[in-house]
Amino acid sequence: MGARYMLLRPAGYPLKSLFQEYPVVAEPRLFELYAREQWYGENVRPGSYLFDRRLYPDFAFKVVKVYPRFSVVGSETVIEVEKKTEPAKVEYNVRFDDVIGQETAKRKVKIVEKFLAEPEKFGRWAPRNVLFYGVSGTGKTMIAKALATEAGVPMLPVKATSLIGEFVGEGARQIHSLYEKAEQIAPCIIFIDELDAIALDRRYQDLRGDVSEIVNSLLTEMDGIQNREGVCTIAATNKIEFIDSSIRSRFEEEIEFKLPSLEERLQILEFNSRTLPQEMKDVNLHEIARATEGFSGRDLVEKVLKAALHHAIMDGCGISQGHLEEKVSKARKDYREPPKEMFS
Ligand SMILES: Nc1ncnc2c1ncn2[C@@H]1O[C@H](COP(=O)(O)OP(=O)(O)O)[C@@H](O)[C@H]1O
Ligand SMILES: [Mg+2]
């Protein structure tokens, strides 16, 4: 039976060389004619592949959808190619006040907030690239989200690891389209998490295929060769010592995130306890704060509060001091050196 409709997804080449191009559909209606003609009479079903034989020999398209499910490409088949998914534009409800401590970071991102409110006022003096670094789980992502919320602008988040694609040049292209998209919706923030995954020191880049291409593309954007007005890039890393100096020098500001102090650990515990769905019975959070030196905010939330909550739910009772202490010990045993003084 002739297919009425077919949706294709570019799937790449069976083999790759360093100089291959990844084709992009320029004119959907022309592509449809071209596709019908070269695949006329092919049997298709969801999951099968069609290979281009002309402009990009052996470039594969995966059949994502086809109606009827087992049919033949004919002169009437409506053929579409999936559009690249746009980077998600996200809005949050985190506020600066929700972030405990990190006062330096909060103070320094204020200038970015002012810029996002009135980008035209800054012109060439705009803050463009800011680097957040420090221990994992200390509030880097939180501050970036809070900045977007407080400034009332969208944020485009990307994980650097997701840029390392299967195809050479894909990551570099993604960076380019990310910045193009940002320019359209400016003022906005681009948040690049896990920067170390791509911005490794040159000595390590050779180990990772097309990483240096991604880096070059990122450098071009960060340098603002094309002036993308109203776009601020914030990147985050836990491993600043691995970041290549060429990239590091592009950030006009480096902001360090530190582990919470005793007082801050107590506040993080108290703040997050308020939303626990299970009651806490006779707990002394001050004791827990004292016993958790070296824990990050995330450790306190995930490894202590959440783990204790789950345990309490299994026990069918409220969260007790015992539950909390047990999780603290477990977290220490799993990830850290033995405590100096605990629950003394
Ligand atoms: N300074 C902080 N104040 C309040 N909560 C924090 C703080 N730091 C971390 N947290 C908690 O840990 C979680 C993870 O923090 P996140 O911002 O993702 O850390 P990072 O990006 O530095 O790895 C947050 O969602 C929050 O629950
Ligand atoms: Mg993070």
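Visitor: Let's start with β9, residues 188-193. Is that strand mostly covered or mostly open?
Guide: Mostly covered: 6 of its 6 residues are buried. Keep in mind that this is a predicted model.

Visitor: OK, so which side chains of β9 point which way?
Guide: C188, I190 and I192 point one way, while I189, F191 and D193 point the other way. Both sets are buried.

Visitor: And why do side chains alternate like that in a regular strand?
Guide: I can only give you the general pattern: in a regular strand, side chains alternate between the two faces of the sheet.

Visitor: Which way does β8 run relative to β9, parallel or antiparallel?
Guide: Parallel. Strand β8, residues 155-159, is joined to β9 by 5 bridges.

Visitor: What stands opposite D193 there?
Guide: That's K159.

Visitor: How many bridges pair β9 with β10?
Guide: 5 bridges, again in the parallel sense, with β10 covering residues 231-237.

Visitor: Which β10 residue is the bridge partner of C188?
Guide: V231 is the partner of C188 in β10.

Visitor: Switching topic: how many residues surround ligand 1?
Guide: There are 17, and the closest are G139, K140, T141, M142 and G297.

Visitor: Which helices supply at least two residues each to that shell?
Guide: α4 (140-151) and α11 (297-315) both do.

Visitor: What about domains, where does the shell draw from?
Guide: It takes at least three residues from each of domain 2 (96-257) and domain 3 (262-335).

Visitor: And what's the mix by class around ligand 1?
Guide: You get 7 nonpolar, 8 polar and 2 charged residues.

Methods: Residues are numbered from 1 along each chain as its sequence is written. Chains are lettered from A and ligands numbered from 1 in the order in which they are written. This is a predicted model: local features need pLDDT of at least 70, side-chain atom pairs count only at pLDDT 80 or more; totals for chains, interfaces and linings use all residues. A residue is buried if 20 or more other C-beta atoms lie within 10 Å of its own, exposed if 12 or fewer, and partly exposed in between; C-beta atoms are placed from the backbone. Helices (H or I, at least four residues) and strands (E, at least two) are DSSP runs, numbered from the N terminus. Two strands pair if DSSP finds at least two bridges between them. A residue is near a molecule or strand if its C-beta atom, placed from the backbone, lies within 6 Å of it. Ala, Val, Leu, Ile, Met, Phe, Trp, Tyr, Cys and Pro count as nonpolar, Asp, Glu, Lys and Arg as charged, and the others, Gly among them, as polar. Domain bounds come from an automatic or database domain assignment.
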